[in-house]
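Dear colleague,

Please find below the structure that I am handing over to you. A short account of what was found in it follows directly after.

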Amino acid sequence: MVRAYVPVAPAAGARNPVARRLRVRHGGVVPQPPLQTARLDLVPLADEHLELEVELDSDPEVLRYLWGRARTRDEVERNHVQRRRRAEVVDGLGMWVGFLRTVEGAPEDRFVGLWMLTPPHGPSQDRVTGEADLGYRILRRHWRQGFASEGSRELLRHGFEVVGLSRIFAQTMAVNAGSRATMTSIGMQFARAFHEHHDDPVPGSEQGEVEYELRREDWELR
């Protein structure tokens, strides 16, 4: 069942006077909102975005540290359903599709990638209330332009200042230097190394996985 929230005013003397917290209430739902950055419109994932997901997951390089191959259309369609369901667990959390704000044209021409801020759900993620898993997946033509970190910073802000999370973490393979650099650039700190079992391991998985984190108290001191 989805928890329902309403915004409440921040306490007097709060560092950000326009930031709003959410608290539980009976009745009424605050949906996952659209977000913006200097260059991106982040739109909650919807069924109309399926073809963009197919494009993103058809590039094996994009999925190099996740699947090691491109996904079939059937796999993308099944995963799309799972992604939508994760947005129904906690109000304000879910998946966002990123589009260029300063470029005109069809959605497929403005499409940059996919970001997520979802309740813990992976095999090595404890189901802790007040925590969320951060992730990002960018089209290859938009790599090395700072989009992953730009969108992720906005999700951090949203998660701490609006949803009221206490901890946000991100996980990747230990050999994924690019993603680890992004995590560090947005203020996350190394939390732990661990190993997962893989029925079909991808190259580098023998070196294990890593988790980075950012806690609300550290976010507020930034």
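The notes below go from the whole protein to one helix and then to the aromatic side chains.

Please bear in mind that this is a predicted model.

The protein has 222 residues, and 47% of them count as buried. Its secondary structure consists of six helices and ten strands. Among contacts between residues at least 6 apart in sequence, 64% join residues at least 24 apart. The exposed surface amounts to about 11,800 Å², of which carbon and sulfur atoms supply 51%.

Helix α5 may serve as a first local example. This helix spans residues 177-185, and S179, T182 and M183 are buried within it. These three residues lie on the same side of α5, because they cover an arc of only 100 degrees around the axis. The general background is that an α-helix has 3.6 residues a turn, so residues three or four places apart point the same way. The cover over the buried residues of α5 includes two strands earlier in the numbering, β7 (131-138) and β8 (167-173), together with helix α4 (147-163) and strand β10 (209-215). After α5 comes G187, which has a positive phi, near 95 degrees.

The aromatic side chains come next. Three aromatic pairs were found in a search of the whole structure. One of them is formed by F99 and F111: the ring centres are 6.3 Å apart and the planes stand at 55 degrees, so this pair is tilted. It links distant parts of the chain, with F99 in strand β5 (residues 94-100) and F111 in strand β6 (residues 111-118), twelve residues apart. Both F99 and F111 are buried.

F190 and Y212 form another pair; their ring centres lie 5.7 Å apart with the planes at 85 degrees, so the pair is edge-to-face. Here too distant parts of the chain are linked, since F190 belongs to strand β9 (residues 189-194) and Y212 to strand β10, 22 residues apart. How do the two partners stand in terms of burial, buried or partly exposed? F190 has a relative accessibility of 45% and therefore counts as partly exposed, whereas Y212, at 7%, counts as buried. Strand β10, which holds Y212, is also among the elements that cover the buried residues of α5.

Finally, two arginines lie over aromatic rings. R39 is placed over the face of F147, at 4.0 Å from the ring centre. R192 is placed over the face of F194, at 4.2 Å from the ring centre.

Yours sincerely

How values were computed. Residues are numbered from 1 along each chain as its sequence is written. This is a predicted model: local features need pLDDT of at least 70, side-chain atom pairs count only at pLDDT 80 or more; totals for chains, interfaces and linings use all residues. Side-chain values use heavy atoms; hydrogens and water are left out. Buried means under 20% relative accessible area, exposed over 50%, partly exposed in between (1.4 Å probe, protein chains only). Helices (H or I, at least four residues) and strands (E, at least two) are DSSP runs, numbered from the N terminus. The arc is that of the directions from the helix axis to the C-beta atoms. Contact means heavy atoms within 4.5 Å. Accessible areas come from the Shrake-Rupley method with a 1.4 Å probe; for residues, only the protein chains shown count as cover. Rings of Phe, Tyr and Trp (its six-membered ring) pair if their centres lie within 6.5 Å; planes under 30 degrees apart count as stacked, over 60 as edge-to-face and the rest as tilted. A charge sits over a ring if NZ of Lys or CZ of Arg is within 6 Å of the ring centre and within 35 degrees of the ring normal.
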